[in-house]
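Student: Could you take me through one part of this protein slowly, as if we were looking at it together on a screen? I'd like a close look at a single helix and whatever sits around it.

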Amino acid sequence: MKTRRFLAIVSMVSILGFLASCAPMSPYEAVNSPTLRKTVQNARTRSDHDALTRHFENLAEEMRIKAAEQKKLLQHYEEKSYLYGRQAQDRQSHTWALMVRYEQAAKTSLSKAASHRQIAAQLEPDVYTSPDRQTAEAVDDTTNLRFGNN
């Protein structure tokens, strides 16, 4: 029981450390960061996948907000292009590209969140034993059965 609690605490601390390490990045860069990929690969427990789900959902919401800002800005550039002279078309295309990029990042984040939610639903709540421990427990069980040490 203590081992399970310890593993749950360690996994939560590692997830929080990961989230803190991604904080200085822009949200778009955080979607594809190497640190995030490493954390996803090391996620083993239900709480790990729940934390990743929340992270990806928050990231998707930030991306949606940024896309909405860009859309509003694009509308302004289209309506008031005469204010920007030669730069009007450049600003419009740049803003459109950013809007599309943020929308795509939001979709990617939501799909990753759904994936981790599905994985978390399949796992038992915070029950993880390492393969070494499982092997040791299996050997103990076999030894107990063989020698009658129940």
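Tutor: Sure, let's go for helix H4, with a bit of background before we zoom in.

Keep in mind that this is a predicted model. The average pLDDT of the protein is 76, and 61% of the residues reach at least 70. There are two stretches to treat with care. Residues 20-25 have a pLDDT below 50, and apart from near neighbours in sequence this stretch makes five contacts in the model. Residues 132-150 are also below 50, with four contacts beyond near neighbours in sequence. Where pLDDT is low, the predicted coordinates shouldn't be read in detail.

Now the overall layout. You'll find six helices and zero strands here, so reading from the N terminus the elements simply go α-α-α-α-α-α. Out of the 150 residues, 26% count as buried. The accessible surface adds up to about 10400 Å², and carbon and sulfur atoms account for 54% of that. If you take the contacts between residues at least 6 apart in sequence, 71% of them link residues at least 24 apart.

Okay, on to H4 itself, which covers residues 46-79. Start with its partner H3, residues 34-42: the axes of H3 and H4 come within 10 Å and cross at roughly 145 degrees. That crossing is left-handed. Who does the touching? On the H3 side, the contact uses Leu36, Thr39, Val40 and Asn42. On the H4 side, Asp48, Leu52, His55 and Phe56 take part.

Next, follow the chain along H4 to Lys71, which has its place in this helix. Is Lys71 buried or exposed? Lys71 counts as exposed, because its relative accessibility is 53% and the cut-off for exposed is over 50%. Even so, Lys71 has company from another part of the chain: its C-alpha atom is 6.3 Å from that of Met99, although the two residues are 28 apart along the chain.

Keep going and you get to Tyr77. A search of the whole structure turns up one aromatic pair, and Tyr77 is half of it, with Tyr84 as the other half. Their ring centres are 5.1 Å apart and the planes stand at 90 degrees, which makes the pair edge-to-face. What about the surroundings of each ring's residue? Tyr77 has a relative accessibility of 10%, so it counts as buried, the limit being under 20%. Tyr84, at 22%, falls past that limit and therefore counts as partly exposed.

Finally, let's look across to helix H5, residues 87-122, where Ser115 is found. Ser115 counts as partly exposed because its relative accessibility is 34%. Its C-alpha atom is 9.1 Å from the C-alpha atom of His49, and 66 residues separate Ser115 and His49 along the chain. Gln89 is in H5 as well. Since Gln89 has a relative accessibility of 63%, it counts as exposed. The C-alpha atoms of Gln89 and Glu78 are 8.6 Å apart, with the two residues eleven apart along the chain.

So if you're tracing this on your screen, begin with the crossing of H3 and H4, move on to Lys71 in H4, stop at the edge-to-face pair of Tyr77 and Tyr84, and end with Ser115 and Gln89 in H5.

Conventions:
Residues are numbered from 1 along each chain as its sequence is written. This is a predicted model: local features need pLDDT of at least 70, side-chain atom pairs count only at pLDDT 80 or more; totals for chains, interfaces and linings use all residues. Side-chain values use heavy atoms; hydrogens and water are left out. pLDDT is the predictor's confidence in each residue, from 0 to 100. Contact means heavy atoms within 4.5 Å. Rings of Phe, Tyr and Trp (its six-membered ring) pair if their centres lie within 6.5 Å; planes under 30 degrees apart count as stacked, over 60 as edge-to-face and the rest as tilted. Buried means under 20% relative accessible area, exposed over 50%, partly exposed in between (1.4 Å probe, protein chains only). Helices (H or I, at least four residues) and strands (E, at least two) are DSSP runs, numbered from the N terminus. Accessible areas come from the Shrake-Rupley method with a 1.4 Å probe; for residues, only the protein chains shown count as cover. Axes are lines fitted to C-alpha atoms, for helices over the stretch in contact, and angles run from 0 to 180 degrees between N-to-C directions. A crossing is left-handed if the near helix is turned anticlockwise from the far one by less than a right angle, and right-handed if clockwise.
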